[in-house]
Amino acid sequence: MIDPKLLRSDIAAVAANLKKRGYDLDVEKYQGLEEQRKALQVKTEQLQNERNTRSKAIGQAKAKGEDIQPLIEAVGSLGEQLDQARHELVEVQHALETMHLEMPNVLHDAVPEGNSEEDNQEVSLWGTPRNFDFEVKDHVDLGAALNGMDFESAAKITGSRFVLMRNQLARLQRALAQFMLNVHTQEHGYEEVYVPFMVNADSLLGTSQLPKFEHDLFKIDTSTEDNRQFYLIPTAEVPVTNIARDELFDADQVPLKFVSHTPCFRSEAGSYGKDTRGLIRQHQFEKVELVQLVPASEGEAALESLTGHAEAILQKLNLPYRKVILCSGDIGFGAHKCYDLEVWLPAQDTYREISSCSWFADFQARRMHARFRNSETGKPELLNTLNGSGLAVGRTLVAILENYQNADGTITIPEVLRPYMGGLESIG
RNA sequence: GGAGAGAUGGCAGAGCGGUUGAAUGCACUGGUCUUGAAAACCAGCAUAGGUUAGUAGCCUAUCCAGGGUUCGAAUCCCUGUCUCUCCGCCA
């Protein structure tokens, strides 16, 4: 949520900034509602003031043993007027709130302008794609040959876009998650957290998946008796970031750095026909997520360090990748600035997203009411939130299969993973 | 699943329907004292919104959430959520 004060003081600048995303802010509508809000709020508060004053006088009169009946009668229709004004105010406030919640975040100056993925800009390149002296197979064929990737069973058990993994492949995925968690906790200073995989609507509102992106989520009506509704998490960002919702941290408690390994569930509505083969786009996948909650002054630096932590995993696995900064047309709804890490996939002869690292400034914190007490001013301040994949485990598995494949169909195990694989040097 | 208790400021914890934004303690900030610190003592200390040139004043809201009763609700009524205790079931 954008700071309402900014919307009041310089809506033109906000509108121009959002325009870069292709978002048209209805300035007239907003200002009209703001004017109404102001008038109704003043009116309501005046009526409340009058009611309070009169009620107080009645209390005092009663304490002195005076006759309060005339005073009560003098109140007249004040209550009705107040109800009326309050009702109108609430309606206008709701309309404003809706606009606030549906408005994307303002972009950082460094975000390049562009319309789509095509316009993202490469920031850096790491590693050299390997030269194969045989015809490379993609991860689906490799997985099938290993007897480890079974899409047919998953389709039978559940449906399309699910996978069942077996044997050494299932183990390799587990090894990857363990490896990532250990690196982030032991070398990068993150606290590991285990979180619920189902969340309530308030949490999703806080991290801004709701109200606009409900169609991307799996919703669960847990029972017919109570009408509680939960959603399967699309990313650990939701439960982990919401740790801070409605909290006021002491200055010495921040920055907060969390890492969590969770499954992620995405309906992938609107992506039918895209990446239908293999593990790239599934309804369920594993991810190790990094989350940081920091003072505003540290937000930008935190994005760089968090992205570096994700890169460290790729480097330790010796997987070639590139870092891109997302353009205004491709960046996420709540992001202020965002880098994607794209790993080299030889079978696709291209780089594919394996991590997305976002800085939200105070956009999510304002929705969540996540604050810390500034030790200098003594006043509560909104935190800055950040998150990034460190990494998407399923896609990392894909990258390892394809980049570490051998002519005979076996897969060499990257050295850093061998301790997690009982010392195995290869599988297959 | 059954029975009961509860939800109040950063934390703990009072609070007969009327001048309660809310006692008290802790924490925090400033001061006195001290060579320094501790202790003691004094003072201050909620958040959000509106108005405003204003971090000044004034006004409004907020005691889990949403409704209701009332001239007036932290206090009474209803609904929901969450927490705790006991019993049952269970990985």
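The following exercises, with worked solutions, concern a predicted model.

**Exercise 1.** Determine which strands pair with β11 and in which sense.

*Solution.* Begin with strand β1, residues 121-126, which pairs with β11, residues 321-325, in the antiparallel sense over five bridges. Within this pairing, tryptophan 126 has tyrosine 321 of β11 as its bridge partner. Turn next to strand β12, residues 337-345, which is joined to β11 by five bridges and also runs antiparallel to β11. Here isoleucine 325 stands opposite tyrosine 339 of β12.

**Exercise 2.** Describe the surface near RNA strand B by residue, element and character.

*Solution.* There are 24 residues around RNA strand B, and those that come nearest are Gln48, Asn49, Ser55, Gly59 and Ala63. Two elements each give two or more residues to this surface: α3 (27-63) and α4 (69-75). The greatest contribution is that of α3, with 16 residues. By character, the surface comprises seven nonpolar, eight polar and nine charged residues.

**Exercise 3.** Locate the cis peptide bonds that involve proline 211 and leucine 391.

*Solution.* Leucine 210 and proline 211 are joined by a cis bond with omega of about 5 degrees; proline 211 lies in the loop between α9 (201-206) and β6 (219-221). The bond from glycine 390 to leucine 391 is likewise cis, with omega near 10 degrees, and leucine 391 belongs to strand β16, residues 384-392.

**Exercise 4.** Classify aspartate 349 as buried or exposed.

*Solution.* Aspartate 349, in the loop between β12 and β13 (350-359), has a positive phi near 55 degrees. Its C-beta atom has 9 others within 10 Å. Since the limit for an exposed residue is 12 or fewer, aspartate 349 is exposed.

Key. Residues are numbered from 1 along each chain as its sequence is written. Chains are lettered from A and ligands numbered from 1 in the order in which they are written. This is a predicted model: local features need pLDDT of at least 70, side-chain atom pairs count only at pLDDT 80 or more; totals for chains, interfaces and linings use all residues. Two strands pair if DSSP finds at least two bridges between them. Helices (H or I, at least four residues) and strands (E, at least two) are DSSP runs, numbered from the N terminus. A residue is near a molecule or strand if its C-beta atom, placed from the backbone, lies within 6 Å of it. Ala, Val, Leu, Ile, Met, Phe, Trp, Tyr, Cys and Pro count as nonpolar, Asp, Glu, Lys and Arg as charged, and the others, Gly among them, as polar. A residue is buried if 20 or more other C-beta atoms lie within 10 Å of its own, exposed if 12 or fewer, and partly exposed in between; C-beta atoms are placed from the backbone.
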